[in-house]
Amino acid sequence: SSGINAEYGVYNASNNELVRTKTLVKNCIIQIDATPFRQWYEAHYGVTAGRKKRVEDKPEEEVKKSNHVQRKIDARKSESKIGQLLDDQFNTGRLYACVASRPGQSGRCDGYILEGKELEFYLKKIRMKKSK
């Protein structure tokens, strides 16, 4: 629950004009910046998300963590797997999200990041719409 700027609407099932005029409505698919989520993922699981595994001579300096924090991170690593499609989106720096609330006059909306089967479905729909 942090403030993220929505880039723009990418897909709307009901009306393509809402995408063209960049109108946010409930259940539209938007693109958001991936940086805050990558930072949270790295802090929570201790694993880098979306960065290509490259071999470099200079390793990053490890921040000294307490024994308790290190045990917590090690316990979370078993459930830190993310899907390949979501990992590709972290590489590009943009994530697809769905608006779950009805954005009104205040300009605030809530939503969730697409992953798994739902992400596959909407990526296929977006590709079909772009190819027309």
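A salt bridge is taken here as a side-chain nitrogen of Lys or Arg within 4 Å of a carboxyl oxygen of Asp or Glu. In this predicted model, the side chains of Arg108 and Asp110 satisfy that criterion, with an N to O distance of 3.8 Å. Arg108 counts as exposed, since its relative accessibility is 60%. Its partner Asp110, with a relative accessible area of 43%, is partly exposed.

A search of the whole structure returns 2 salt bridges. Besides the pair just described, the side chains of Glu17 and Arg20 meet in a salt bridge, at 3.7 Å from N to O. These two residues belong to helix α1 (residues 16-20), and because they are 3 residues apart there, about one helical turn separates them. Glu17 has a relative accessibility of 45% and so counts as partly exposed, whereas Arg20, at 60%, counts as exposed.

It helps to set these pairs within the overall architecture. The chain contains 5 helices and 4 strands, and its elements follow the pattern β-α-β-α-α-α-β-β-α along the sequence. Of the 132 residues in the chain, 26% are buried. Among contacts with a separation of 6 or more, 64% are made by residues 24 or more positions apart.

The strands come next. Strand β2 (residues 29-33) has 4 of its 5 residues buried, so the rest of the structure largely encloses this strand. β2 pairs with β3 in the antiparallel sense, over 5 bridges; within this pairing, Ile29 has Cys98 of β3 as its bridge partner. β3 is itself mostly covered, with 5 of its 6 residues buried. β3 also pairs with β4, again in the antiparallel sense, and this pairing runs over 3 bridges. Here Ala97 is matched with Ile113, its bridge partner in β4. β3 is thus paired with β2 and with β4.

Helix α4 offers a good place to look at how helices and strands come together. Its buried residues are Leu86, Asp87, Gln89 and Phe90. Viewed down the axis of α4, these buried residues fall within an arc of 155°, and therefore they line one face of the helix. Gln84 and Thr92, on the other side of α4, are exposed. The buried residues pack against two helices and two strands, namely α2 (35-45), α5, β3 (94-99) and β4 (111-113). After α4 comes Gly93, which has a positive phi near 90°.

The packing of α4 with α5 can be described further. Two packed helices are described by the distance between their axes and the angle between them. For α4 (residues 84-92) and α5 (residues 117-131), the axes come within 9 Å and cross at roughly 65°. On the α4 side the contact is made by Leu85, Leu86 and Gln89, and on the α5 side by Leu119, Glu120 and Leu123. By residue class, this contact divides into 4 nonpolar, 1 polar and 1 charged. Leu86 and Gln89, which take part in this contact, are also among the buried residues of α4.

Definitions and conventions. Residues are numbered from 1 along each chain as its sequence is written. This is a predicted model: local features need pLDDT of at least 70, side-chain atom pairs count only at pLDDT 80 or more; totals for chains, interfaces and linings use all residues. Side-chain values use heavy atoms; hydrogens and water are left out. Axes are lines fitted to C-alpha atoms, for helices over the stretch in contact, and angles run from 0 to 180 degrees between N-to-C directions. Contact means heavy atoms within 4.5 Å. Ala, Val, Leu, Ile, Met, Phe, Trp, Tyr, Cys and Pro count as nonpolar, Asp, Glu, Lys and Arg as charged, and the others, Gly among them, as polar. Buried means under 20% relative accessible area, exposed over 50%, partly exposed in between (1.4 Å probe, protein chains only). The arc is that of the directions from the helix axis to the C-beta atoms. Two strands pair if DSSP finds at least two bridges between them.
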